[in-house]
Amino acid sequence: MKGNEAMALAAIKGGAEAFFGYPITPQNEIPEYLSKHLLENGKVFVQAESEVSAINMVYGAASTGARVITSSSSPGIALKQEGISYLCGAELPAVIVSVMRGGPGLGGIQPAQADYYQATRGGGNGDYHLIVFAPERIQEAIDILKQAFDIADCYRNPVMILADGLIGQMMESVDFDRPVPHRDLPKKDWVASGMKNHKGRNFVSSIHLDPKQLEQHVFKLFEKYDLVKKNETRYEMINIENAEYVIVAYGTMSRICRSAIEILAKKGINVGIIRPITIWPYPTEAFDKIPKTAKGILCAEMSMGQMLDDVRIANNGRLPVAFFGRTGGMVPEPEELVDAILHFNERVVK
Amino acid sequence: MRVKYQKSAGLTDAPLTYCPGCTHGIIHKLVAETMEELGIIDRTIGIASVGCSVFSYEFFNCDMLQAPHGRACAQATGVKRVRPENIVFTYQGDGDLASIGIAETIHAANRGENITVIFINNAIYGMTGGQMAPTTLIGQKTTTSQDGRVAAIHGNPIKISEIFAPIEGVAYLERVAAFDPKHVIKAKAAIKKAFQYQMENRGFTMIEVLATCPVNWGKTPIDAMNWVKTEMTKVYPLGVFKDKGDNNE
């Protein structure tokens, strides 16, 4: 099954009740699939007039307690940033699939990872965070999407699945029936569903004009983010024992790095990988487990170096950090990563 | 003792924050009474917008959402599509609806979303301090058209009801005003009809209300009411622009 369609089906299995979106390449198979399968099952699908409108439809539906999803790609996610900030401010659960393409501007439609900042730093205003998963294969994307609504409901915060054009467009054999961990979800007693459905009057809002009140609200959000950091940070350590070098890579890039370290092993160079699965919260703790054998860290991205910031923070000056990046939709060959390790010293970031 | 008049159950006890002579209060009352009379307070979800009515979620005694600037009709679409059994209305000013939110509004109308839009047209940006609105009249002085609006520079006042009337998804559309008791009564009837149409699943309904902004217009409340009557209605004629319930339609 194609990655985009698989993610769409996984969202349905995760309980999606409504989708609102706007066409953009390379994620169109998601709305196409959902337009048929949600409506067929009596659920909601609306093709909005813009990404701006779509994310606000998400706000509306999420305010009533529905499990709601939208998807888009780089320039489209840029347009959704206003709404994402409002969702976080109003503490609304929702699922956002972002299938990255090359930028800036209209850029191109080939796979890229240049929206790491967009996903983890956001372009929306204010102090907020998304919970961001960066799957490296379709199966992982499915497993995350199936529980994404639970995670969003658990923390009353939007969850983003950050894929790229390769994961969206490629095909792999997958299993949709892998079990999802059970979570005890808080009761949605805050929803605007009409006063006959709950006690008192509910309103869903992100406005707090009194600075004292707003500060308290943001403090509360950040207590929640601390919980997210504690409970949801995920990463994989690959071949880390006795590694001479450690590559840090996520998504499509980590797949390429897996091939690269096999080639390097044949050359007698032992290289491990730290693969962040959540990029917010960032798995800083993984860097504490880097063995003493390691001589340096190579951050590898399909961008000019965005996760690099988090790698340098996590490394905290302990080891030299080098960078390898391709961008604009260029997907590197494993040999390029091999070469980057062989010429590590030339790539060290000052 | 008989109660002849009391505050509608559709309003909370929060004191209104609107300026003296502003017609938001009257229009809030009409929406609130409509909800009460139709017995729908407990299943209505309102959407507050950005502008002076940003706090309307504190005044309407029903469940409310607060939308980003211009996005109320998109949020209303999201609400109504997943909860068609609820009554959904937006309450938006002219900057919100006719400028930044015209795409959201026109497409909600075109989809025939079964929602009711209360559109407050006071020909100015009130909340931000009196800047030119898309509905500002030619010659009208604002803080961003200090010598008066000039068509060649600022464009012409946008006539929302005239633009929306031909759209297929619009079931009911009327422009009313609140400058004297007779017109307030007419405005109430229009708002009630719009909500009733929504209850009958007829499609998109919008009531444009010509409203005052004495503070930013630099007028007394009475002069402001008169200005709506004599000047605004010349550019924005009152009347029913669309009624799908009408057999002649």
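Biologist: Which elements of chain A do the buried residues of H9(A) pack against?

Modeller: In this predicted model, they pack against strand S6 (159–164), helix H7 (165–169), strand S9 (245–248), strand S10 (271–276), S12 and helix H11 (334–342) of chain A. The buried residues of H9(A) include Gly251(A), Met253(A), Ile256(A), Cys257(A), Ala260(A), Ile261(A) and Leu264(A). Thr252(A) and Ser254(A) are buried as well.

Biologist: What makes the span of H9(A) agree with its number of residues?

Modeller: Helix H9 (residues 251–266) has 16 residues. At 1.5 Å a residue they should span 22 Å. The end C-alpha atoms are 24 Å apart, so the two values agree. H9(A) is followed by Gly268(A), which has a positive phi near 85°.

Biologist: How do you know what span to expect for H8(A)?

Modeller: Helix H8 (residues 211–232) has 22 residues. At 1.5 Å a residue, 32 Å is expected. From first C-alpha to last, H8(A) reaches 30 Å, which is close to that.

Biologist: Why is H8(A) said to lie largely in the open?

Modeller: Count its buried residues. A residue needs 20 or more other C-beta atoms within 10 Å to be buried. Of the 22 residues of H8(A), 2 are buried, so the helix lies largely in the open.

Biologist: Does Phe287(A) count as buried or exposed?

Modeller: Buried. The cut-off is 20 or more C-beta neighbours within 10 Å. Phe287(A) has 21 inside 10 Å, so the residue counts as buried.

Biologist: Where is Phe287(A) found?

Modeller: In the loop between strand S11 (278–280) and strand S12 (296–301) of chain A. Leaving out residues up to four places away in sequence, Phe287(A) touches Ala314(A) and Asn315(A). Ile297(A) is 10 residues apart from Phe287(A) along the chain, and their C-alpha atoms are separated by 9.6 Å.

Biologist: Why is chain A called as compact as a globular protein of its length?

Modeller: Its radius of gyration is 20 Å. The globule rule gives 20 Å for 350 residues, so chain A is as compact as a globular protein of that length. The secondary structure of chain A comes to 11 helices and 13 strands. Its C-alpha trace spans about 70 × 45 × 40 Å along the principal axes. Of its 350 residues, 54% count as buried.

Biologist: What radius of gyration would a compact globule with 249 residues have, set against chain B?

Modeller: Near 18 Å. Chain B has 17 Å, so the two agree. Chain B holds 10 helices and 7 strands. Along the principal axes, its C-alpha atoms fill a box of roughly 50 × 50 × 35 Å. Here 56% of the 249 residues count as buried.

Biologist: What share of contacts joins residues at least 24 apart in chain A?

Modeller: In chain A, 80% of the contacts between residues at least 6 apart in sequence do so. For chain B, residues 24 or more positions apart account for 68% of the contacts with a separation of 6 or more.

Biologist: What makes strand S1 of chain B mostly covered?

Modeller: S1 (residues 44–48) has 5 of its 5 residues buried. On one side these are Thr44(B), Gly46(B) and Ala48(B). On the other they are Ile45(B) and Ile47(B).

Biologist: How many bridges pair S1(B) with S3(B)?

Modeller: There are 5, with S3 (residues 87–93) running in the parallel sense. DSSP must find at least two bridges for strands to pair, so S1(B) and S3(B) qualify. Ile47(B) stands opposite Thr90(B) in S3(B). S1(B) also pairs with S2(B) in the parallel sense, over 4 bridges. There Gly46(B) stands opposite Met64(B).

Biologist: What joins S7(A) to chain B?

Modeller: A pairing with strand S2 (residues 63–66) of chain B. The cut-off is at least two bridges, and here there are 2, so the strands pair. They run parallel. Val204(A) stands opposite Leu65(B) in S2(B).

Biologist: How many residues does each chain bring to the contact?

Modeller: Chain A brings 33 and chain B brings 29. Elements giving two or more residues on the chain A side include strand S2 (44–47), helix H4 (74–89) and strand S7 (203–204). The largest share, 8 residues, comes from H3(A). The chain A side divides into 16 nonpolar, 12 polar and 5 charged residues.

Biologist: What does the model score?

Modeller: ipTM is 0.96 and pTM is 0.97. Chain B averages a pLDDT of 96, and 98% of its residues score at least 70.

Conventions:
Residues are numbered from 1 along each chain as its sequence is written. Chains are lettered from A and ligands numbered from 1 in the order in which they are written. This is a predicted model: local features need pLDDT of at least 70, side-chain atom pairs count only at pLDDT 80 or more; totals for chains, interfaces and linings use all residues. The radius of gyration is taken over C-alpha atoms; the globule rule is 2.2 Å times the number of residues to the power 0.38. A residue is buried if 20 or more other C-beta atoms lie within 10 Å of its own, exposed if 12 or fewer, and partly exposed in between; C-beta atoms are placed from the backbone. Two residues are in contact if their C-beta atoms, placed from the backbone, lie within 7 Å. The expected span of a helix is 1.5 Å times one less than its number of residues. pLDDT is the predictor's confidence in each residue, from 0 to 100. Ala, Val, Leu, Ile, Met, Phe, Trp, Tyr, Cys and Pro count as nonpolar, Asp, Glu, Lys and Arg as charged, and the others, Gly among them, as polar.
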